[in-house]
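The exercises below concern charged and aromatic side chains in one protein chain. Please work through each task with the coordinates open before reading its solution.

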Amino acid sequence: SGLSWEPRSRAVEQVHLRCTEGSLEWMYPARALRVLLEPNVASGQHTTVCIKPASDFQGASIYVERAGQLHLVVSEAEGAQPQPVSCFSSHGPQGVALFLQASPQRDISRRTASFQYKLLSNQSTAGPDFKKMALAEAMCRPCDNMELLMAICSSDFVVKGSIRNVSHDSENHMSQVDVSVQKVYRQKNRIFQQEEGGGEWRGPIRTLLQCKVKKGGGDFLFTGNEHFGEAWLGCAPRFKDFMLVYQAARERGANPCEF
């Protein structure tokens, strides 16, 4: 909180974030924060940072440091509206530095500048474009048998269900698959929830528009990962086809985890 700082101090507060994903909330922004994203991993593979400001972001602007210069990422003037995800690459092993500059204000009314962040490895993104975050998940092709078996072990969510509806957002190049869920095997957060009054389980899954997802009948095994609280589609075989692959692998002792 900016209220905890010495009123006459002009020092820039330094914040070091060691996690590969998380969030920062700066209440009553005052003066400036320098946020250094340097994950606690031995290999320097996390070289791209994506941030998503909160919808009520206000009280500050966000800049990214590049070669000693500050480049505006989020402007205070854009506050109180849905914010797009911004991604940028690190140009060195020292991590990514963000500079949050508090906006001048005449009173001490509560403002909060908050955002989520996620660091990506070179293997999951090829450039500073949020849509490439999903490319590893939305491969727009059927997964092979080994990818299917690994998906149930390493995905953020694994659910069995059917497709209720598919909607397309051409402006943002995304599609949304609304899923009617029969069984939740795993989910990181509560994206798939039961309707009030003991109704059916449902949840939305996103993918890229270029994958041309269509509504199909039958049961599927939906897997994938979460980015900023949204589920992104990974492997999604028909459930009966997956079970044939899994049973055959289990008989050979080749299944990487129990399902």
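**Exercise 1: a salt bridge and its two partners**

Arginine 202 has a relative accessible area of 28% and is therefore partly exposed, where buried means under 20% relative accessible area, exposed over 50%, and partly exposed in between (1.4 Å probe, protein chains only). The model is a predicted one, in which local features need pLDDT of at least 70 and side-chain atom pairs count only at pLDDT 80 or more, while totals for chains, interfaces and linings use all residues. Residues are numbered from 1 along each chain as its sequence is written, and side-chain values use heavy atoms, with hydrogens and water left out.

Task: determine which side chain meets arginine 202 in a salt bridge, and classify the exposure of that partner, glutamate 195.

Solution. Step one is the criterion: a salt bridge is a side-chain nitrogen of Lys or Arg within 4 Å of a carboxyl oxygen of Asp or Glu. Step two applies it, and the side chains of arginine 202 and glutamate 195 satisfy it with an N to O distance of 3.2 Å. Step three gives glutamate 195 a relative accessible area of 35%, so this residue is partly exposed.

**Exercise 2: two buried aspartates**

Task: for aspartate 178 and aspartate 156, find the nearest side chain of opposite charge, counting Lys and Arg as positive and Asp and Glu as negative, with His and the chain ends not counted.

Solution. Step one concerns aspartate 178, found in strand 11, where helices (H or I, at least four residues) and strands (E, at least two) are DSSP runs numbered from the N terminus. Aspartate 178 is buried yet has no salt bridge, and its nearest side chain of opposite charge is arginine 202, 5.3 Å away. Its side chain does make a polar contact of 3.1 Å with that of glutamine 176; such a contact is a pair of N or O atoms within 3.5 Å, of which, within protein, one must be able to donate a hydrogen and the other to accept it, and residues adjacent in sequence count only if both atoms are side-chain atoms.

Step two concerns aspartate 156, placed in the loop between helix 1 (145-154) and strand 10 (157-169). Aspartate 156 is likewise buried without a salt bridge, lysine 188 being the nearest side chain of opposite charge at 4.2 Å. Lysine 188 is itself linked with Glu21 and Lys118 in a network of salt bridges.

**Exercise 3: classifying aromatic pairs**

Task: how many aromatic pairs does the structure hold, and which class fits the pair of phenylalanine 157 and phenylalanine 192?

Solution. Step one is the rule: rings of Phe, Tyr and Trp (its six-membered ring) pair if their centres lie within 6.5 Å, and planes under 30 degrees apart count as stacked, over 60 as edge-to-face and the rest as tilted. Step two is the total, which comes to 6 aromatic pairs. Step three takes phenylalanine 157 and phenylalanine 192, whose ring centres are 5.5 Å apart with planes at 55 degrees, so this pair is tilted. The pair links distant parts of the chain, 35 residues apart, with phenylalanine 157 in strand 10 and phenylalanine 192 in the loop between strand 11 (174-187) and strand 12 (193-194). Both phenylalanine 157 and phenylalanine 192 are buried.

Step four treats tyrosine 185 and phenylalanine 259 in the same manner: with centres 4.6 Å apart and planes at 45 degrees, this pair is therefore tilted. Tyr185 and Phe259 form one aromatic cluster together with Phe242 and Tyr246.
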